[in-house]
Protein chains: 2
Amino acid sequence: MEQVVNLDSRTYSIHIETDILSRIAKHFQRFRDEKIFIISDVRVSNVYGVTLTAVLKKAGFSVELLTFPEGESSKSVETVSQLWQALVKRGIDRHAVIVALGGGVSGDVAGFLAATILRGVRFVQIPTSLLAQVDSSVGGKVGINLPQAKNIVGAFWQPSLVLIDPHVLGTLEPRQFNSGMAEVIKYGVIMDKEFFLFLESNVDAIKELDSTVMCELIAKCCQLKARIVEEDETETSGRRAILNYGHTFGHAIENVFGYGVYLHGEAIAIGMTLAAKLAIESKHCDKSLLIRQTELFHRFDLPTELPGDLPADQLAALLDSMRLDKKSTGGRFNLILPCEIGRVEFTNDCDETLVRKIVFD
Amino acid sequence: MEQVVNLDSRTYSIHIETDILSRIAKHFQRFRDEKIFIISDVRVSNVYGVTLTAVLKKAGFSVELLTFPEGESSKSVETVSQLWQALVKRGIDRHAVIVALGGGVSGDVAGFLAATILRGVRFVQIPTSLLAQVDSSVGGKVGINLPQAKNIVGAFWQPSLVLIDPHVLGTLEPRQFNSGMAEVIKYGVIMDKEFFLFLESNVDAIKELDSTVMCELIAKCCQLKARIVEEDETETSGRRAILNYGHTFGHAIENVFGYGVYLHGEAIAIGMTLAAKLAIESKHCDKSLLIRQTELFHRFDLPTELPGDLPADQLAALLDSMRLDKKSTGGRFNLILPCEIGRVEFTNDCDETLVRKIVFD
């Protein structure tokens, strides 16, 4: 399957096929004469990177594999600085192609390298986690963290090509897979009721990684995200904000508990649940939405509630963190709230009392 | 005077006026409600930065001054990393404006910060060296050095506004001023005979920093560079390459002698002289061009020859460095050669024997 992201001169294709990685040489034909640099963390490099590099070398490509340590802590100035130097030492030129192989961290790191080395070279995404396949590999956001803040340094840098192989999800830990499903379910709630129904009807097939269902699922997510990105490439019109459904709560949860306690999708599932409760409380939607959303989360073992024994100071910290969110102003929270399955709206009429009631409930 | 650089949604104006800095509040009206960060090296900060900050504060703007050590060595990952963190600590948001105040280094560093913090914020250039006023502040090239190579990490990031005050050139060292004149003279040779004649007729007025003449000179350089940038914003069509007249030789000279022995413009003056000699030798132009170009360089105390006692190993290193230039392939040098005053052409028919003859002559 192929999805096209239409962005004028930056238009590109996303190819979604089971075992596409075994046919990588075919998809890389246009880079036949260029230097290719595959950037990957050590774990993904061992599972896929070494093989892919060998396959491309055998097919006559000029390709090198550069690795960095696994984990969010590699989205740092230090990692990027080392990789910039490694690329220069290996003779990178303006025609070179940088390939991100791995999850969101690889996409962010390799994408930022591609956006900045020699003022920008071509970039290919080969996402290997569900989260990266349905979310971070589409949209062109790349970047790194500073000690003070996540994703604070970066660029909008669109790939030239995205290759997605649902087959690789077989090597993903179930908890990571389910975390990705939170973002998949989000697409259904925010913009496509039919897709939400598709998910409800195919839980077992999804869990079994049925090829046809997974290709359709991933293609639909990429299509939905691409539609938003096409309307608001650099996040200026506000349209792209609907993708943040559940994220104001979710980011606060990640902040307060420390990254790693909850995976991103787990925090987002709790965040979407809180947002839906708030929507009911403020008469934006009726209870059935919350019930169906929660049911689907639970089918994928995703949490929908904060721990019951949360001390008061952690709850307070949660609200503080939400207040610091760049989307909040003057004691009112700007949030994306669902109206019905398939439609959300932006609201700034949620005051702190209401939010407090939902969180402390 | 105002020059407009037409780049679709990235179109911006360059304002050239004597004492424009005393009217900065007027030009900054559109940033009235935003956080403004002025980035400057310590020297320029003491001469202009502190005053400008005070003027803007008094006029009610939210403005902060961030400084870094003077010199090319500040175009580093370390400096940028510290400034990224300083901006975050001071609460930078997406509406903020980063102002580069100073020479080429400030423009490069501040521009790279603006291109990358929060995936890009607005950027204003206030260049205070002649080189920055006529060259680096137009065109959107920003970036830093790695230990292995100059300007290897960066972006194309266009400013929202450029303010140029010829008056500030009065505090520039004469050698720095003359270095800037090498690039000014280059514009005449590569694309505008009339401008070359204007320079020949106004040497004394230029040396005295006559306001009218300097405004006209800077405006013309900005206009000529803008015309090239408009045709080839991201250096892909090859059109922008004519700006590299003298630079293949010039960069090699800077490399071999170490940065700082020759100022950039001094190395370029020698480079343009060698390129003109090569053009005569390879029948691209006649001798009168070299004579007039050399005469004009000498009026501004610019060197036009390598030291006469250069040891053989340094000459060899010079050729090696040219061979490493990204514009050279397979033992042939790709060069910009003049045909007549006001017109250059790209050539790849210069073989090493000819280059060797010119350099060793």
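Begin with the sheet of chain B in this predicted model. Select its seven strands and follow them in the order E1-E2-E9-E6-E5-E3-E4, in which they form an open sheet with mixed pairing. In general, strands of a sheet pair through backbone hydrogen bonds, either parallel or antiparallel.

Next, colour the two edges of the sheet. Strand E1 (2-5) and strand E4 (62-68) of chain B each have a single partner strand, so one side of each is left without a neighbour in the sheet. Looking across the sheet, the twist from one strand to the next averages 20 degrees.

Now zoom in on the E1 edge. Four bridges join E1(B) to strand E2 (residues 12-16) of chain B, and the two strands pair in the antiparallel sense. To see one such pairing, select B:Glu2 together with B:His15, its bridge partner in E2(B).

Add the helices that lie against these strands. Helix H2 (residues 42-58) of chain B packs on the sheet, where it touches strand E3 (35-41), E4, strand E5 (97-102) and strand E6 (122-127) of chain B. The direction of H2 makes about 175 degrees with that of E4(B). Helix H9 (residues 211-231) of chain B lies across E1, E2 and strand E9 (161-164) of chain B. With respect to E1(B), H9 runs at about 10 degrees.

Display the cysteines next. A disulfide is a covalent bond between the sulfur atoms of two cysteines. With a cut-off of 2.5 Å between the sulfur atoms, the count over all chains comes to zero disulfides. Select A:Cys221: the nearest cysteine sulfur belongs to A:Cys222 and is 6.9 Å away, and A:Cys221 is in no disulfide. A:Cys221 is buried, with a relative accessible area of 0%. Then move to B:Cys215, which is likewise in no disulfide; the nearest cysteine sulfur, that of B:Cys222, is 11 Å away. B:Cys215 is buried as well, with a relative accessible area of 9%.

Finally, show both chains together. How many degrees of rotation superpose chain A on chain B? The rotation is 180 degrees, with 0.0 Å of shift along its axis and an RMSD of 0.0 Å. This is the relation of a two-fold axis. To locate the axis from chain A, select A:Val77, whose C-alpha is the nearest to the axis in that chain, at 4.1 Å. End at the interface: 100% of the interface residues of chain A are also interface residues in chain B, so the copies meet through the same surface.

How values were computed
Residues numbered from 1 in each chain as written. Chains lettered and ligands numbered in written order. Predicted model: local features only at pLDDT ≥ 70, side-chain atom pairs only at ≥ 80, totals over all residues. Heavy atoms only, no water. Buried < 20%, exposed > 50% of the residue type's maximum accessible area, 1.4 Å probe, protein only. Least-squares fit on C-alpha atoms with pLDDT ≥ 70 in both. Contact = heavy atoms within 4.5 Å. Pairing = 2+ DSSP bridges. Axes fitted to C-alpha atoms, helices over the stretch in contact; angles between N-to-C directions.
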